[in-house]
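Colleague: I should like to learn how to read a fold from its elements inward. Would you take me through the example displayed here?

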Amino acid sequence: MSNEIDPTTPPSGTGCQECLTGDGWWVHLRRCAACGHVGCCDSSPSQHGSRHFEATGHPIVQSFEPGEEWFYDFRTQQMGEGPELAAPTSHP
Ligand SMILES: [Zn+2]
Ligand SMILES: [Zn+2]
């Protein structure tokens, strides 16, 4: 397993890390598979999930929505599957 996915790192919180420190809001949440950063999706105004990839190069996110387990690779823009990440794997 490369360092693109670290199944032992818990998510950074229950909402988008950047939106919570500002006054942002989001539609859906994505969790970085490498460092646990929780960011908002591309349907959200600020798209912090994509921003995180551009800033860090961490290419893989998992949906942080309840009941959704898919992964997404920003480089290939393909959805896929991945290992079980550290709990919780969705927001409350
Ligand atoms: Zn955000
Ligand atoms: Zn990350």
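Modeller: Begin with an inventory: the protein chain comprises two helices and five strands. Please bear in mind that the model is predicted.

Colleague: In which order do the elements of the protein chain run from the N terminus on?

Modeller: The order is α-β-β-α-β-β-β.

Colleague: How are the strands ordered in the sheet?

Modeller: Sequence order and sheet order are to be read separately. Here the five strands make an open sheet, ordered 2-1-3-4-5, with antiparallel pairing. Strand 2 (38-40) and strand 5 (78-80) are the edge strands, each pairing on one side only. From one strand to the next, the twist averages 35 degrees.

Colleague: How many bridges join strand 3 to strand 4?

Modeller: Three bridges link strand 3 (residues 60-63) with strand 4 (residues 71-73), and the two run antiparallel. Glutamine 62, for instance, has phenylalanine 71 in strand 4 as its bridge partner.

Colleague: Across which strands does helix 2 lie?

Modeller: Helix 2 (residues 48-56) lies across strand 1 (29-32), strand 2 and strand 3, and runs at about 120 degrees to strand 2.

Colleague: Which residues make up the largest nonpolar core?

Modeller: That core has seven residues: Cys16, Trp26, Leu29, Val38, Cys40, Cys41 and Phe64. Leaving aside residues up to four places away in sequence, cysteine 16 touches Gly24, Trp26, Leu29, Val38, Gly39, Cys40 and His48. Another core, of six residues, lies apart from the largest one and includes Cys32, Ile60, Val61 and Tyr72.

Colleague: What radius of gyration does the protein chain have?

Modeller: The value is 12 Å, which agrees with a compact globule of 92 residues, since such a globule would have a radius of gyration near 12 Å.

Note on methods
Residues numbered from 1 in each chain as written. Chains lettered and ligands numbered in written order. Predicted model: local features only at pLDDT ≥ 70, side-chain atom pairs only at ≥ 80, totals over all residues. Pairing = 2+ DSSP bridges. Helix = DSSP H or I, 4+ residues; strand = E, 2+ residues; numbered from the N terminus. Axes fitted to C-alpha atoms, helices over the stretch in contact; angles between N-to-C directions. Contact = placed C-beta atoms within 7 Å. Core = buried A, V, L, I, M, F, W, Y, C linked by C-beta atoms within 7 Å. Buried ≥ 20, exposed ≤ 12 C-beta atoms within 10 Å, placed from the backbone. Rg over C-alpha atoms; globule rule 2.2 N^0.38 Å.
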